[in-house]
Every structure is written in C-alpha cells, then in structure tokens.
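Hi everyone, thanks for coming. I'd like to walk you through one structure today, starting at one end and finishing with the sheet.

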Amino acid sequence: MDVRIDDVDRKILAQLQRDASQSLDDIAREVGSSKTPVWNRICKLREAGVIGQHTVVLDAEALGFEACFFVLIRTSSHEADWQAAFLKALKNRPEVQEAHRLAGDIDYILKVRVKNARAYDAFYQALISEVRVHNVTALLSMEEIKSTTMLPL
C-alpha cells in the first residue's frame, strides 16, 4: 500500500520510536494535535505497514547475554535448497538477532547474542551441523558504541 507521509506523520512516528508506551494524549500534545486525528493517522500508518510490531527492548547484558558476535559466512552453495535450509536454521536459532545477505566477498553476516564464548561455540557447532558453509569468521564485539532501532525521520 502506498502512503504519503507528511510532517505530522513524521512527528508521530518520531514520538512512537522514542517511546511507544506513551499515552495517546502525550503523543497528541507533542505533535500539536488532538487524540482522534493522531489515532486515525497511527491506524493509517499501521495499515500501510509503516508501523510494525510493538515490542520492548531488553538489556542483553542485564539478562546475562554478555557476548555479541558478528559472524561472517561464505558459502560455495547458492542453490535454492541450501538457501532454504540455511534460512530455516537461522530462524530456529534465537541467538541470531540479525541476518543479512551481502554483496561482495562475504555472503551473509549475522549478529549473534550469547552468554559467553562457550555458548557461541555451541551455536556454531549446531549451525554447521545443519548447513554446510565454506568459511565462517566470528568477530567478538568488545564494546557496543551505538545501537538503535530509530530511523532518521
């Protein structure tokens, strides 16, 4: 669905990105409107697919997931069957927070969040037992400098 987004929509989206739990009254006040038009715009944006699922951001380290690995994967297989098996393996692994297919020398990059290096090794062993990969390089993040889901509206 094609939707036109104006400045008021952008202000609403910015408020929702900042804190989706705030009240409709608070959002309306921040964007300089009343509740009903703001609610109608939110519904329109949701129906158009601009607004996706509502969720909560958890603190991984507070929950014991102290290791973040970026996993670079090269494969020599690009057949549909291999890709289907690989995608299934990724979707079945809750440790995989993000997965991207890339252009260039590396075929895929994964963001994997685990408790420690031993947990990463268990993840790695399980993954390569399900799908064959040509080369895997794991890079341990020493420090997260910036992480956001907010888009620059």
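Before we look at the start of the first helix, one term: a polar contact is a pair of N or O atoms within 3.5 Å, and within protein one of them must be able to donate a hydrogen and the other to accept it. Keep in mind, too, that this is a predicted model.

Now go to helix H1, residues 7–18. At its start, a side-chain oxygen of Asp 6 comes to within 3.1 Å of the backbone nitrogen of Val 8. The helix has 12 residues, and from first C-alpha to last it reaches 16 Å, close to the 16 Å expected at 1.5 Å a residue.

Which residues of H1 are buried? They are Asp 9, Ile 12, Leu 13, Gln 15 and Leu 16. These five sit on the same side of H1, because they cover an arc of only 160° around the axis. Turn to the other side of H1 and you find Asp 7 and Arg 18, which are exposed. And what covers the buried residues? The cover includes helix H2 (24–31) and helix H3 (35–47).

Let's move on to the sheet. A quick reminder for the newcomers: strands of a sheet pair through backbone hydrogen bonds, either parallel or antiparallel. Here, 4 strands make an open sheet in the order S2-S3-S1-S4, and the pairing is antiparallel. At the edges are strand S2 (96–101) and strand S4 (135–140), each pairing on one side only. From one strand to the next, the twist averages 20°.

Zoom in on S2 and strand S3, residues 108–114, which pair over 5 bridges. For example, Glu 98 has Lys 111 in S3 as its bridge partner. The hairpin of these two strands has 6 residues between them, and there Gly 104 takes a positive phi near 115°.

Finally, what packs on this sheet? Helix H4, residues 80–91, does, touching strand S1 (67–74), S2 and S3, and its direction makes about 20° with that of S3. Helix H5, residues 117–130, lies across S1, S2, S3 and S4, and runs at about 135° to S3.

Thanks for listening!

Terms used:
Residues are numbered from 1 along each chain as its sequence is written. This is a predicted model: local features need pLDDT of at least 70, side-chain atom pairs count only at pLDDT 80 or more; totals for chains, interfaces and linings use all residues. Side-chain values use heavy atoms; hydrogens and water are left out. Two strands pair if DSSP finds at least two bridges between them. Axes are lines fitted to C-alpha atoms, for helices over the stretch in contact, and angles run from 0 to 180 degrees between N-to-C directions. Contact means heavy atoms within 4.5 Å. The expected span of a helix is 1.5 Å times one less than its number of residues. Buried means under 20% relative accessible area, exposed over 50%, partly exposed in between (1.4 Å probe, protein chains only). The arc is that of the directions from the helix axis to the C-beta atoms.
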